Structures are given as C-alpha cells and as structure tokens.
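Reader: I'm in my first year and still getting used to looking at models like this one. Could you take me on a close look at the ligand site, and then show me what sits around it?

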Amino acid sequence: MANEVLYWQALNQALDAEMAADDSVFVLGEDVGLYGGSYRVTEGLYVKYGEWRVRDTPISEGSFTGLGVGAALAGMRPVVEIMTINFSLLALDAIVNMAAKIPFMSGGQFPMPLVVRMPGGVAKQLAAQHSQRLEQMYMNVPGLRVAVPATPQDAWWQLRQAIRTDEPIVLLEHELLYFSKGMLDTDAEAPPMHRAAVRREGQDLTIVTYSRMVDLSLRAADRLAADGISAEVVDLRSLRPIDWDTCARSVEKTHYLLVVEEDSRFAGAGAEVAATLAERCFFSLDAPPARHGGLEMPTPYNATLEAASIPTVTSIEQAVRKLLEPLPQGEQR
Amino acid sequence: MDRTAKIAMLRDMLLARAFEERAAREYTRGNIAGFLHLYPGEEAVAVGVLHAAEPADYIVSTYREHVHAMVRGVPPRAVMAELFGRIDGCSKGMGGSMHLFDRERRFMGGYAIVGETYPVAVGIAYTIAMRELPEAVICFFGDGAVNQGTFHESLNMAALWRLPVLFVCENNHYQIGTEIHRHSAVAEVYKRACAHRIPAERVNGMDVLAVHEATRNALARIREGTGPQLLEFETYRFRGHSMADPGTYRPRVEVQAYEKEEDPVTVAIGETLPTYPTAEQIAAAGTDSIARMATHMNEGGLLEAAALEKLQAEIDEIVEDAVQFASRSPEPTLEDARAALDCNRGMEVLI
Ligand SMILES: Cc1ncc(C[n+]2csc(CCOP(=O)(O)OP(=O)(O)O)c2C)c(N)n1
Ligand SMILES: [Mg+2]
C-alpha cells in the first residue's frame with residue numbers, strides 16, 4: 001500500500017526494516033542515537049535496537065568509517081552515517097583506500113557490505129565548507145558504487161538494496177530532499193539498484209540529471225511544455241555504474257542531450273555523462289551534448305550569490321532553449 | 001590586575017552577550033541564515049584568553065567564533081555585516097558566521113570542519129619558530145574536537161618541534177547532542193596532553209580572571225621557547241548547539257544550574273564591583289573610620305552601579321549600530337565573488 005511520506009522517513013523505514021530482518025546490520029555516526037540523527041533518519045532506532053546497533057560516535061570520521069570497513073570484513077553490514085559529505089573528506093582513506101580496494105587486493109576473498117550514507121549539496125546558506133557536491137570524486141573510484149536517490153520511493157528501495165549487496169556503496173542524500181514528500185509503496189518491487197528512470201517522457205530533447213536536480217528539471221520541462229517543447233527527463237539514480245542503455249535509448253529518440261547537475265561543470269558528473277553518450281550516440285545527436293551545472297566557485301554564503309551559483313528551474317529552461325535554438329545558416333555550434 | 005583592565009574585560013563580555021542575543025533575534029527575523037552557533041555562557045573563555053594575548057599573536061578559531069573575532073578587535077559592524085552576508089562583512093559576505101577572517105588583526109579564521117584548527121595553528125607556529133619571532137598562536141577547539149585525528153597528530157608535532165602554540169579547549173561538555181562522557185573515554189581533556197609531554201591544566205572557564213591568569217602564565221612560558229601548552233576551560237553553552245538545535249537533550253536542571261550559579265557575566269560583574277564591607281566590619285572599624293569608609297564605599301558603589309548601567313547602554317548602542325550598519329551594507333556581486341576566488345592570481349592570465 002502506498003503512503004505519502006517524507007524522504008527522511010523513507011530512509012528511516014528502510015533502516016528499520018533491514019535492522020529487523022538482519023542482526024548484522026548496525027548503524028553508526030555522530031548523533032545518530034540518542035539525538036536521533038541530524039536529519040532524523042535514525043529516529044527511534046536507538047530505543048528499539050540499543051546502543052550496540054545504533055552507535056553514537058565521537059567526531060572521528062576517519063576511524064569510525066574505518067571501523068565500518070573492519071566490521072564488514074568480519075561479517076557485519078555496517079551503515080555508516082557521515083553527518084554531511086563535507087566531512088567524508090576525512091574518511092576518504094577508509095572509503096577509497098580500504099573499502100574500495102580490499103576485496104580486489106585480497107584476490108576476491110572478502111565481501112565489503114559497507115554502506116556510507118551522507119547528505120550533501122547546496123542547502124541554505126551553509127557556506128563553502130558545508131555546501132559541497134563531491135559525487136564526481138566517488139564516481140572516479142573503481143570498486144565503489146554510488147547511488148543518488150531523488151524520491152522517497154528510491155530512498156527506501158536503494159538504501160535497502162545498498163545494505164543487502166556485498167559491495168561498498170556510497171549513498172548520497174541531498175540535504176534539501178529530506179523534507180520533500182512523495183509516495184512510498186513498501187510492497188512495490190524494486191528495479192535494479194542502478195537502473196535509471198525516465199521520469200517524464202518527451203520527444204524533443206533528453207535531460208539527464210540526478211538527485212535534487214530531477215525535481216527542478218521536471219518543473220522546467222512543465223514550463224517548456226507550455227511552449228510546445230517536449231523534454232524527456234531521465235533520473236540516473238546511480239552514478240556508478242551508470243545505466244547507459246536507458247540514457248542512450250532516450251537520446252536516440254530525441255537527438256538532443258542536456259545534462260543538468262548541481263556541481264560545477266568542470267570534470268563533474270555531467271562530463272562523464274556527456275562524453276560517454278557522445279561516443280555512444282554520436283550519429284543520433286543533432287547537436288553536441290550540452291552541460292548545465294553550477295558556477296566554478298566555492299559556494300558563497302550570501303543568499304543571492306548562493307542562488308546564482310547553482311542551476312534553477314529558470315536557468316535549466318534557458319539552457320534547453322539555447323540547446324534547441326536553430327542556428328543561423330552555415331553556422332556551427 | 002588593575003580595575004581598568006577588569007572593566008575592559010567586563011565590557012567585552014557584556015558586548016559578547018548582547019551581540020549574540022541580537023544575532024539570534026536577527027536570525028529569527030530572517031536577516032541571518034545558515035548555521036549560527038552562539039556563545040552565551042562561554043564569554044569568559046574568549047575574553048580571558050584574548051585579553052592575555054599580544055596583538056602580534058595569531059588566533060585560529062572554530063565556527064563558534066563571533067566573540068573571538070570581536071574581542072580580537074574586529075569591529076562588531078564588520079562581524080554583523082558578515083552574518084548578514086554583506087560586502088562590508090569581514091569576509092565580504094562570502095564566508096558568513098562560520099568563516100570570519102581578518103588578516104590585519106591576525107584573526108586567521110573560523111573553521112567549520114571540526115579538527116581543522118590544530119594543523120593550521122601548528123603551521124603558523126612553525127613559521128614563527130623558524131623565523132625566531134616572539135609571537136604565539138592561540139588555537140581554539142571544542143571538547144568534541146579532541147577526538148579528531150588531527151588533535152593528536154598536531155599536538156605531537158607541536159611538542160616535537162617546540163612550537164609556540166597555546167591549545168585552548170572550550171569544554172562545554174557537549175558535541176552537539178552527545179555529552180562528553182558518551183564521546184570521550186577520558187573526559188578530562190587536559191590529561192590527553194601528557195601523551196605528548198605538553199604542560200596542561202584545567203581551569204574554571206566561567207571565571208574570567210582565572211582564565212586570564214592561566215593564559216598569561218601559559219603564554220609567558222611559551223614565549224620562553226619551551227614549546228606548546230594546553231589549557232582546558234570548563235564552560236557551558238546556554239543555548240542549543242546552533243540556532244537549528246533546540247538543545248532539548250540536556251537536562252533542564254543542568255542548564256539552570258549553570259545559568260543561575262555560574263553565568264560568567266554575573267561572575268565578572270561581581271569581580272569588577274568593589275566589595276562592600278559588611279555592617280559588622282564597618283562597626284568593628286570604629287565610628288570615625290566607619291563613617292569615612294562607609295561614605296567612600298557608598299559613593300564608590302553608587303558610581304560603579306551607574307557606570308555599569310552606562311556601559312550596558314553603550315554596548316546596546318554598539319550592537320544596534322552594528323545591525324543598522326549591516327542592514328545598510330550592499331550585497332556582494334558575482335564580480336566580488338570572482339575577485340575573492342581569483343585574489344591570488346595577480347596579473348597572470350590563464351588560457
Ligand atoms: C569533521 C566534522 N564532523 C562533524 C561536523 C559537524 N559538527 C559541527 S560542530 C560539531 C560538534 C563539535 O563539538 P565541540 O568540538 O565540542 O564544539 P562546540 O560546538 O561544543 O563548541 C559537529 C559534530 C563538522 N563540522 N566537522
Ligand atoms: Mg563542545
């Protein structure tokens with residue numbers, strides 16, 4: 001049965017379901033227990049499962065994420081919450097050098113059922129150190145998987161799948177999505193974890209995007225529809241691996257590709273999407289793939305500048321119009 | 001210490017309290033956004049420590065740093081404007097509450113990733129030591145921050161190379177919602193310093209004079225070239241962790257106990273006002289001297305009470321002025337942002 005829930009509640013239910021089903025699942029992180037989690041994701045679990053399975057940690061990201069690696073080696077299914085992606089920079093060694101490498105380096109001896117959850121993105125005036133989108137960093141690490149749920153339904157599905165797989169997974173949750181609403185059907189069958197979803201069908205161009213930018217792209221598509229422009233919106237759901245087939249199918253139909261990402265464009269997630277789809281769909285494309293992303297600067301504190309530094313519904317709409325603009329005779333893009 | 005110095009400290013504590021409470025109000029009015037970590041309850045630490053420092057000393061602080069900046073001499077106007085995200089803020093509206101910087105005053109920044117202040121401080125101290133300068137670095141951090149690896153890494157290097165750093169722990173017993181006994185196996189922070197043979201002591205952080213005295217002594221030893229020192233000040237924050245945190249995880253009695261008994265502002269007021277002799281003491285002094293003494297003290301006391309009121313009024317004016325200034329200051333433009341980003345490029349033109 002489907003219910004309307006908030007994104008954080010979907011994550012909370014997913015954790016609860018997996019913890020109830022398997023006693024090797026445990027969560028740890030700063031203020032996840034008694035306090036109930038900075039974004040309420042672990043609310044109620046401390047009382048229900050006790051402190052060994054819902055562990056409040058010191059501010060020691062490097063070591064408590066490493067603890068997750070060790071516990072995974074010993075047969076547990078740890079879910080590490082890093083309070084925000086910005087602090088995961090202190091846990092990179094555990095994630096990149098250990099979690100992603102041990103199964104390989106050991107010649108395939110060890111499972112690594114580690115989930116590292118982290119909120120990220122630009123929220124509301126949290127300034128440069130607290131407004132980062134570092135997904136490209138994790139995308140570039142063989143041995144890791146990266147999931148980016150954009151809806152409560154996906155949050156529920158993908159967190160549970162992440163806990164159940166034996167590979168290390170970074171789950172990127174957007175800070176502004178926690179209090180967004182959506183339908184959650186806990187009985188519905190989950191698509192494969194990294195399958196992309198066509199959120200809106202269209203004919204004239206394909207917008208490939210993920211996380212919070214899905215909603216913005218859909219709203220831009222609504223506005224464009226009023227003008228007779230039909231945009232197809234593909235939500236990647238996973239950034240490593242990427243479901244190229246779903247993307248290519250769409251681009252081959254529409255012949256135009258716009259990638260929308262919140263992160264700055266240079267060497268970002270969109271660069272990978274644009275490059276690979278250009279390779280795969282070169283002869284279907286009527287224009288070079290376009291990328292629309294954040295400005296090349298750390299996020300300013302000032303609200304006006306902060307808003308100007310990342311894509312908006314209007315800027316996405318403009319990027320689409322620019323991509324589709326007929327060029328003067330003989331001119332090239 | 002003379003009374004002028006005490007009054008100067010009291011003034012800064014009153015300013016700290018008034019400024020922060022006003023910032024909270026401006027936050028609820030929507031003039032300030034993001035994470036706003038306030039300092040009420042902890043004033044004696046910043047004031048006592050920084051009044052004992054020299055202007056040439058460097059300060060490295062955390063995200064809870066408005067008061068550190070102001071006591072260091074950053075004008076309340078520039079701090080408030082930064083909280084408002086305006087161009088006249090000390091970081092030109094780019095940094096906000098958690099990232100106050102003032103190069104001229106050697107206020108080397110507010111850092112919002114817990115555990116960053118140690119290595120930065122050690123780097124500055126390394127420079128000082130290498131150049132054989134008489135300066136020192138004051139490095140602030142919370143009780144929660146001592147569990148970050150950089151704490152031990154930095155303490156080791158500072159001790160190893162005898163660097164002039166004063167490590168200052170503002171132990172308010174909480175790491176957001178986690179009480180110290182739930183985040184640290186050893187809840188006495190100063191004891192950790194002995195692992196690196198760094199002299200350390202624990203001091204009542206609610207008593208500004210004690211803070212000042214301990215800091216002065218520690219800095220004097222540092223300037224003798226004996227290497228780093230660590231001071232742990234036990235204190236308490238009256239508000240939640242930030243404006244986003246109601247702080248409901250703390251027992252009410254605990255909060256009240258600190259507010260009632262140990263409000264450092266009250267303690268400081270007590271310490272600046274002259275003590276009145278009791279009726280018995282006056283009586284014991286004999287008629288003549290009693291009359292003279294009583295008159296003198298009364299006059300002095302009256303004068304002090306009035307002076308205190310005047311001081312408070314001045315401070316209210318300063319805070320009001322800071323808010324007005326911040327409201328009038330323009331917003332930075334994208335060009336300002338780019339200029340900040342490219343500030344070190346000089347004339348170089350990139351491809
Ligand atoms: C590396 C890192 N992890 C987590 C956080 C989130 N965070 C901000 S302040 C804080 C608590 C810090 O407590 P403490 O060091 O005692 O300082 P206080 O806020 O009490 O002054 C936490 C966990 C952070 N900013 N940086
Ligand atoms: Mg603390």
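Author: Sure, let's start with one atom pair: a backbone N or O atom of B:A145 sits 3.0 Å from an oxygen atom of ligand 1. That fits the idea of a polar contact, a pair of N or O atoms within 3.5 Å (within protein, one must be able to donate a hydrogen and the other to accept it, and residues adjacent in sequence count only if both atoms are side-chain atoms). On its own, ligand 1 exposes 580 Å², and the protein buries 97% of that; accessible areas like this come from the Shrake-Rupley method with a 1.4 Å probe, and for residues only the protein chains shown count as cover.

Before going on, a word on the ground rules: this is a predicted model, where local features need pLDDT of at least 70, side-chain atom pairs count only at pLDDT 80 or more, and totals for chains, interfaces and linings use all residues. Residues are numbered from 1 along each chain as its sequence is written, chains are lettered from A and ligands numbered from 1 in the order in which they are written, and side-chain values use heavy atoms, with hydrogens and water left out.

Back to the ligand. B:R64 puts a polar side-chain atom 2.8 Å from an oxygen atom of ligand 1, while B:A112 uses a backbone N or O atom, 2.8 Å from a nitrogen atom of ligand 1. Altogether 22 residues surround ligand 1, and the closest are A:E61, B:Y63, B:R64, B:A112 and B:G144; to be near, a residue needs one of its heavy atoms within 4 Å. Because the residues around ligand 1 come from chains A and B, the site is shared between chains. By class, this shell has 11 nonpolar, seven polar and four charged residues (Ala, Val, Leu, Ile, Met, Phe, Trp, Tyr, Cys and Pro count as nonpolar, Asp, Glu, Lys and Arg as charged, and the others, Gly among them, as polar).

Now for how the two chains meet. The contact takes 31 residues from chain A and 38 residues from chain B, with contact meaning heavy atoms within 4.5 Å. About 2700 Å² is buried between chain A and chain B, and carbon and sulfur atoms give 60% of it; buried area is the accessible area (1.4 Å probe) that two parts lose on being put together, summed over both. On the chain A side, A:I59, A:Q129 and A:Y301 lose the most area to chain B, together 26% of what that side buries. The interface also has one salt bridge, a side-chain nitrogen of Lys or Arg within 4 Å of a carboxyl oxygen of Asp or Glu. A:D56 forms a salt bridge with B:R182, and their closest N and O atoms are 2.7 Å apart. Across the interface of chain A and chain B there are also 18 residue pairs in polar contact, both residues at pLDDT 80 or more.
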